[in-house]
Amino acid sequence: MSKYLSIYRTSFRQESKTLTNSITSVVSFVVIIYIFQQLWQFIYGGNGGGTLINGYSVNMMIWYMIMAEILMYAVNARSITRAFGNDIKSGKIAYQLNKPYNYFAYQVCSQAGAFMWKLIFLVPTGIIIGLVLLGPIKNFSFIYMLPILVSLLLAVLLTCIIYGAVGLLTFWIEEATPFTWIIQKFQMLFGLFFPPEFFPTWMQPIIEYSPVYAMMSGPCKLLANFSWELFLKVSVSQIAYITLFVIIGAILYKIGTKKVNVHGG
């Protein structure tokens, strides 16, 4: 475990040298949040007042959107898939097989370290812009911050693992990024733009038992309308999917590297 923490820390320190990119990303993030804030204010009509749409006030909806954008900006899904894909296509992975670590775990930890650096900028920026545009969240307590951050970190880790597993498909296909694109669209449609409650009743359970809920919808709902029951539900979903996709990734990696060994690298 210590060697993977070292990999994580190294990646984190390397990413910290790209300060200009981080600031540029924050500026873009602020602009997007402002645009969506104006859009939802218009949808709700003026200031929104006490209007509720599917149980969400305008302020709840925008706080939900802030958390969703933090997750989207923090994790570059295509960079994860390409990191795996480039190593496999170039044959570089053959040199990784004799290293004293699991390549899949190495890449996940490395990518997670880079994305955690971005969260240092995005989370405070999201809180500040939310307070400026909306004011405090109704009935929100400071003690909710810790479980929300835990859920956020689990969501980032899960996203890295899922897109890492997609990247391993490059063992069998020339390019895995189209699968990343497809998953991202599901993530945006069923997590970024709308909470599960905005979809038909028959579809809501499907969304809530899907990886998208653990990656996006669940953590965002925690910020919009926190409850300990919801936190437990989201945490169980995240841990279950992290376990599942770690197993899937491990299997894909084992089969894929066996293929590399058979063909001599």
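Q: With which residue does K233 form a salt bridge?
A: In this predicted model, the closest N and O atoms of the pair are 2.9 Å apart. A salt bridge needs a Lys or Arg side-chain nitrogen within 4 Å of a carboxyl oxygen of Asp or Glu, so this distance qualifies. The partner of K233 is E208.

Q: How many residues apart in sequence are K233 and E208?
A: K233 sits in helix 11, residues 228-262, while E208 sits in helix 9. The pair therefore links distant parts of the chain, under the helix numbering used here. K233 and E208 are 25 residues apart.

Q: Is K233 buried or partly exposed?
A: The relative accessibility of K233 is 38%. Buried means under 20% and exposed means over 50%, so a value in between has its own class. K233 counts as partly exposed.

Q: Is E208 buried or exposed?
A: The relative accessibility of E208 is 17%. The limit for buried is under 20%, so E208 falls on that side of it. E208 is buried.

Q: How far apart are the closest N and O atoms of E208 and K221?
A: E208 also forms a salt bridge with K221. E208 lies in helix 9 and K221 in helix 10, so the pair ties together parts that are 13 residues apart in sequence. Both residues are buried. The closest N and O atoms are 4.0 Å apart.

Q: Where does E197 lie, given that E197 forms a salt bridge with K221?
A: The closest N and O atoms of E197 and K221 are 2.7 Å apart. K221 is in helix 10, residues 211-224, and the two residues are 24 apart in sequence. E197 lies in the loop between helix 8 (177-192) and helix 9 (204-208).

Q: Which of E197 and K221 is buried?
A: E197 has a relative accessible area of 21%, so E197 is partly exposed. K221 has a relative accessibility of 9%, and buried means under 20%. The buried residue is K221.

Q: Which residues do the salt bridges that share partners join into one network?
A: The structure holds three salt bridges. E197 pairs with K221, E208 pairs with K221, and K233 pairs with E208. The network is made of E197, E208, K221 and K233.

Q: How many disulfides does the structure hold?
A: A disulfide needs two cysteine sulfur atoms within 2.5 Å. For C109, the nearest cysteine sulfur is that of C160, 9.3 Å away. For C220, the nearest is also that of C160, 16 Å away. The count of disulfides is zero.

Q: Which helix gives the most residues to the largest nonpolar core?
A: This core has 73 residues, and those touching the most other members are W40, I66, I70, L119, V156, L158 and L168. Several helices supply at least two residues each, including helix 2 (19-44), helix 3 (58-74) and helix 6 (103-133). The one that gives the most, with 14 residues, is helix 3.

Q: Which residues does L158 touch, not counting residues up to four places away in sequence?
A: L158 is among the members of the largest nonpolar core that touch the most other members. Its neighbours up to four places away are left out of the list. The residues L158 touches are P211, A214, M215, Y241, I242 and F245.

Q: Which helix gives the most to the nonpolar patch on the surface?
A: The patch consists of W172, I173, F179, W181, I182, F186, I247, I251 and I255, with about 850 Å² of accessible area together. Helix 8 and helix 11 are the elements that give two or more residues. F179, in helix 8, is partly exposed at 39%. The helix that gives the most, with four residues, is helix 8.

Q: Which residues are in contact with S57, leaving aside neighbours within four places in sequence?
A: S57 is found in the loop between helix 2 and helix 3. Its relative accessibility is 16%, so S57 counts as buried. The residues in contact with S57 are Y44, T51 and L52.

Terms used:
Residues are numbered from 1 along each chain as its sequence is written. This is a predicted model: local features need pLDDT of at least 70, side-chain atom pairs count only at pLDDT 80 or more; totals for chains, interfaces and linings use all residues. Side-chain values use heavy atoms; hydrogens and water are left out. Buried means under 20% relative accessible area, exposed over 50%, partly exposed in between (1.4 Å probe, protein chains only). A nonpolar core is a set of buried Ala, Val, Leu, Ile, Met, Phe, Trp, Tyr and Cys residues joined through side-chain atoms within 4.5 Å. Contact means heavy atoms within 4.5 Å. Patches are made of residues with over 30% relative accessible area and no salt bridge: like charges are joined within 9 Å, nonpolar side chains (Val, Leu, Ile, Met, Phe, Trp, Tyr) within 5 Å. Accessible areas come from the Shrake-Rupley method with a 1.4 Å probe; for residues, only the protein chains shown count as cover.
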